[in-house]
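Work through the exercises below with the sequence and the 3D structure at hand. Each task is followed by a solution in steps.

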Amino acid sequence: MTLPYRILERKRAGLPLTAAEIGAVVDGATDGSWSDGQLAAFLMAAAIRGLDHEEMIALTRAMLESGQCWDLAREVPGVCDKHSTGGVGDKVSIALAPLLASCGVPVAMLTGRGLGHTGGTADKLETIPGLDLRLDRRRTVELLRACGMASGIATGEIAPADARLYALRDASATIDVPPLVTASILSKKLALGSAAVVFDVKSGNGAFFAELAQATALAAMLVSTAQALGARASALVTDMSQPLGRWVGHSAEVREAIGLLVGEGPPDLLELTLVLAVEVSRLAGTPLDRSRLLAAIAGGQARERFFTWAALQGAEAAWLRAPSHPLAPVERPLLAPRAGVLAQVDTRQLGLLLVEAGAGRPHPKAAIDPGVALHATARLGQRLERGDELARLYLRRDDSYLVAGFAACFTLADPGAPLAPPPPLIAARVP
């Protein structure tokens, strides 16, 4: 057995670790034989010295093999998955799964909690009364066979090493290290054993990897590592320089996602959902075109599939009969102070302020207020007159400090000033 000291010494010196040495790190995280200090030292050494392609494959494989591997595609051929690196107003997963399922493409997604300034799909779905997001393999297969989709939170048997390493990454300032992000994401995604997975990697000031080059490099790393481990995978690099859709806030985002399923979604949210659906269905071997997906929306099948799934996962009958998404009672418009063009939105700060207002967790045990929300009325590049609405807040309490902070997130340029066009919604594809 190689001692932790020797492994840490080698990595600190910039020497590549063998698969056995990386396996020892992961075993130590899983069985507790490595202390938090030793694991944090490994994470910091990996952040500073990096991990090469072989080390990253070894780390990902060891982490996914630290727990159960469900191999869902063996029992549900063609089942697919999608992962987003997180953003503000990103509710694509809520709409994507029932849309694909209504078109005959099964989807299994293990969703996450909010992190930092971003909201988590699991937290958003839990605004539905009675919904039970706990999933194990048996339950997931049952749901896939019954309605073509399963969405929730896995039991602790999936990639248990990642749970411990993830918490230490947060504590050791290594949360945004690309190789560690890659191993964390893939250890959970590949453990499901889906036939295909598509990654939505965000760029822009509301993303964890703000620069396009950084986001594209992460997308390439995710795809190449997944492919090396035998998965069919691709990635889109998409814009997060303003909120996705029009609503940010847990209950409001569920409402907007359901609205998309009946043709009432905003253009950017609909476009990204369609593009991801086309991409992952192609990878899974059951290619869908936009016309087929739009027909499922227009015909009501996509919305019906959402409610069928919600009922199977325990949503209360009263909510299913009359879905409600209450907003916090204090309504405050944010108005343009002068005429101009919306030149920039500090999307990350919007997310952080929403957390401060209660729509997120400042610490892991904090409760979320599902009614706190923001409606993003104006879009980048839009010409505004003085007094036009930039956004509208829904708060639990009237707080002039918060309102001023939200207003400061919107930057106007003079109407005649030269402006760069807003970033494209889809900036890159990998491969």
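Ala159 is found in the loop between β4 (149–154) and α9; helices (H or I, at least four residues) and strands (E, at least two) are DSSP runs, numbered from the N terminus. This is a predicted model, in which local features need pLDDT of at least 70, side-chain atom pairs count only at pLDDT 80 or more, and totals for chains, interfaces and linings use all residues. Residues are numbered from 1 along each chain as its sequence is written, and side-chain values use heavy atoms, with hydrogens and water left out.

**Exercise 1.** Describe the backbone and the accessibility of Ala159 and of Asp71.

Solution. Start with Ala159: its phi is near 40°, a positive value in a residue other than glycine. Its relative accessibility is 2%, so Ala159 counts as buried (buried means under 20% relative accessible area, exposed over 50%, partly exposed in between, with a 1.4 Å probe and protein chains only). Next, Asp71 lies in the loop between α4 (53–64) and α5 (72–75). Asp71 is not a glycine either, and its phi is positive, near 50°. With a relative accessible area of 35%, Asp71 is partly exposed.

**Exercise 2.** Place Gln68 and list what surrounds it.

Solution. Gln68 sits in the loop between α4 and α5. Its relative accessibility of 37% makes Gln68 partly exposed. Leaving out residues up to four places away in sequence, Gln68 touches Glu157, Ile158 and Ala191, where contact means heavy atoms within 4.5 Å. The side chains of Gln68 and Trp70 are joined by a polar contact of 3.0 Å. A polar contact is a pair of N or O atoms within 3.5 Å; within protein, one must be able to donate a hydrogen and the other to accept it, and residues adjacent in sequence count only if both atoms are side-chain atoms. Finally, Gln68 and Thr155 are 87 residues apart in sequence, while their C-alpha atoms are 9.9 Å apart in space.

**Exercise 3.** How do the axes of helix α3 and helix α9 cross, and which residues make the contact?

Solution. Helix α3 covers residues 36–49 and helix α9 residues 160–171; their axes come within 10 Å and cross at roughly 70°. Axes are lines fitted to C-alpha atoms, for helices over the stretch in contact, and angles run from 0 to 180 degrees between N-to-C directions. The two helices, α3 and α9, are therefore roughly perpendicular to each other (under 35 degrees counts as roughly parallel, over 145 as roughly antiparallel, 65 to 115 as roughly perpendicular and the rest as oblique). On the α3 side the contact is made by Asp36, Leu39 and Leu43, and on the α9 side by Arg164, Leu165, Leu168 and Arg169.

**Exercise 4.** Is Asp200 buried or exposed, and which residues does it touch?

Solution. Asp200 belongs to strand β5 (residues 196–203). Its relative accessibility is 0%, so Asp200 counts as buried. Beyond four places in sequence, the residues that Asp200 touches include Lys82, His83, Asp90 and Thr238. With Thr238, Asp200 shares a side-chain polar contact of 2.6 Å.

**Exercise 5.** In what order do the three strands of the open sheet lie?

Solution. The order is β11-β9-β13, with antiparallel pairing; two strands pair if DSSP finds at least two bridges between them. The edge strands, β11 (383–384) and β13 (410–413), each pair on one side only. Strand β9 (residues 340–345) pairs with β13 over four bridges, and Leu342 stands opposite Leu412 in β13.
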